[in-house]
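Me: I have a model open on my screen and would like to talk through how its parts fit together. Could you take my questions one at a time?

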Amino acid sequence: MASLTSEFLNFIVFRYLFESGFTHSAFTFGYEAGLNRSTMDGHLVPPGALIQFVQKGIQYLELETNLSNDDADMDEDFKLLEPLDLITKDVDELRKIIKEKKEKVQKDKPTRKDKASADHKREPTREREMEKQQKGKEREQDKERSDVMVLEGHTSEVFVCAWSPEGSLLASGSGDATARIWTIGDGPCNSTIPNVLVLNHLESQATEENKDVTSLDWNSKGNLLATGSYDGGARIWKRSGELVSTLNKHKGPIIALKWNKKGDYLLSGSTDTTAVIWNVKSGESKQQFDFHSGPLLDVAWRNNNSFATSSSDNMIYVCKVGENKPVKTFSGHQNEINAIKWDSSGSLLASCSDDTTVKIWSMKQDVCLHDFREHRKEIYTIKWSPTGAGTSNPNNQLLLASASFDSTVKLWDVELGRLLHSLNGHREPVYSVAFCPNGEYLASGSLDKCMNIWSVKEAKIVKTYNGDGCIFEVCWNKLGNKVAACFANKKVCVYDMRL
């Protein structure tokens, strides 16, 4: 079975871990297996490939027995099959493929004269087909160019993206060991060609190993961008692309990275189980917090001096700069806590977990205020709406959105502690959600390669964009007229939202 390479098997295992919700394990395995440096297109691996592969093992033994009694002939038979054939076809289909390809090989043994004649006859057909394909691509591109801008340049998956506070710059981070800053005009997506700055995370003579850009965040002024990497280092860049400082203290990959509102501190959380506060002005570590027993998965500022951390140890700690012990401990989740977010007032903390629950915590009590259990699978992320007291939309209801591996997005009425809407429109796990600045619309990105735009009031899809890769993150610009999405197919897309 020479066609089923170890590289292909690694992609099968990666896909299985990823689809099963073990996101961090998937990326760790992918990194250790060197999949980020692979020349193979991992997106060709179909969903559920590992299970199919195991289930068909006995069938392949049967196929081996019946194809040929000669080992050499049997090897030749298997060479006629592609790896995807072995995963997606049953035994009868495989026999048919082998038979047809053998017959074709015997039939297509042309003389030199026959080959020259065939090439001559085929050429006009090839040209017509190529011309037809080109025209089709041009029509599709013309259609897309009206409201979509495709940003190309990354050479590996794009994991994260974020607009600068003023909205003209879009940052993206990738497994290719770079972050990029794209200058996006205020006009329609087809009106300008974006400039791009490449922020290289590789030292000279270094390889891409351990350099995936896992997180990034703009400061409140929009003049500095922080990036976190799998090498354990945080970096601060000017918007011009100049590296300001490299912050080294973590002994494992950085998973989360956030500025405080004032912009004097940067907070990083790592798989080394610690969080670090960085003094931005000096470029030095101010304090390291080592309370968790498992890798940190998220961090969130409450105000300029206090913050929360969540971990795979099922715990949440609220900490304060200068204090050596947590000021608050929240326990109640039964599995790793993927994301935490404070509301705008800093009084409520939302958390979501692989235990399929969303919980709302208050600094005034130790047990959770609300325990939402309507999701059926792991919940990857949560976002507060930019509405309610203390926001620019104080007269609108405060909501919380959650995105789950059950393919749904749910909207929660936090004041009443109930499910408001279940948004059912995706076919695969939902990895990212983002509210527009006025809170009227919600964007969701999924592994089904679709980004949906929802009317929050009507709980209906008002627009759908189909991509050609899994979507890891979506984000709105300040004006609310553009949404960016980053894809596993190495692209970033910007969509015009003039609904």
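Reply: Happy to, and please keep in mind that this is a predicted model. Let's begin with a pair of strands: β11 (residues 265-270) and β12 (residues 275-279) run antiparallel and are joined by five bridges.

Me: Which residue of β12 is the bridge partner of Tyr 265?

Reply: Strand β11 covers residues 265-270, and its partner strand β12 covers residues 275-279. The two run antiparallel. Within β12, the residue bridged to Tyr 265 is Asn 279.

Me: Which strands stand at the edges of the open sheet that holds this pair?

Reply: The sheet has four strands, in the order β10-β11-β12-β13, with antiparallel pairing. A strand at the edge has a single partner, so one of its sides is left without a neighbour in the sheet. From one strand to the next, the twist averages 20°. The edge strands are β10 and β13.

Me: Lys 258 forms a salt bridge with Asp 298; how many residues apart in sequence are the parts that this pair ties together?

Reply: The closest N and O atoms of Lys 258 and Asp 298 are 3.5 Å apart, which falls within the 4 Å limit for a salt bridge. Lys 258 belongs to strand β10 (residues 254-259), while Asp 298 belongs to strand β14 (residues 296-301). The parts tied together are therefore separated in sequence by 40 residues.

Me: Is Asp 298 buried or exposed?

Reply: Its partner Lys 258 has a relative accessible area of 22% and is partly exposed. For Asp 298 the relative accessibility is 6%. Anything under 20% counts as buried, so Asp 298 is buried.

Me: In the salt bridge of Lys 359 and Asp 371, which strand holds Asp 371?

Reply: These two side chains meet at 2.8 Å, N to O. The pair links distant parts of the chain, 12 residues apart, with Lys 359 in strand β20 (residues 358-362). Lys 359 is buried at 2% relative accessibility, whereas Asp 371 is partly exposed at 31%. The strand that holds Asp 371 is β21.

Me: How many salt bridges does the structure hold?

Reply: Besides the pairs above, Asp 176 forms a salt bridge with Arg 180, with closest N and O atoms 3.9 Å apart, and both of these residues are buried. Salt bridges with shared partners also join Glu 152, Asp 468 and Lys 491 into one network. Across the structure, the number of salt bridges is 13.

Me: Which strand gives the most to the largest nonpolar core?

Reply: That core has 32 residues, and Leu 151, Leu 170, Ile 184 and Val 494 have the most contacts inside it. Several strands each supply at least two of its residues, including β1 (148-151), β3 (169-174) and β32 (492-496). With six residues, the strand that gives the most is β2.

Me: Leaving aside neighbours within four places in sequence, which lysine is in contact with Leu 151?

Reply: Among the residues in contact with Leu 151 are Leu 170, Trp 182, Ile 184 and Val 494. Pro 194 and Val 492 are in contact with Leu 151 too. The lysine is Lys 491.

Me: How many disulfides does the structure hold?

Reply: Let's look at two cysteines here. Cys 352 is buried, with a relative accessible area of 0%, and Cys 436 is buried as well, at 4%. A disulfide needs two cysteine sulfur atoms within 2.5 Å, and the number found in the structure is zero.

Conventions
Residues are numbered from 1 along each chain as its sequence is written. This is a predicted model: local features need pLDDT of at least 70, side-chain atom pairs count only at pLDDT 80 or more; totals for chains, interfaces and linings use all residues. Side-chain values use heavy atoms; hydrogens and water are left out. Buried means under 20% relative accessible area, exposed over 50%, partly exposed in between (1.4 Å probe, protein chains only). A nonpolar core is a set of buried Ala, Val, Leu, Ile, Met, Phe, Trp, Tyr and Cys residues joined through side-chain atoms within 4.5 Å. Contact means heavy atoms within 4.5 Å. Two strands pair if DSSP finds at least two bridges between them. Axes are lines fitted to C-alpha atoms, for helices over the stretch in contact, and angles run from 0 to 180 degrees between N-to-C directions.
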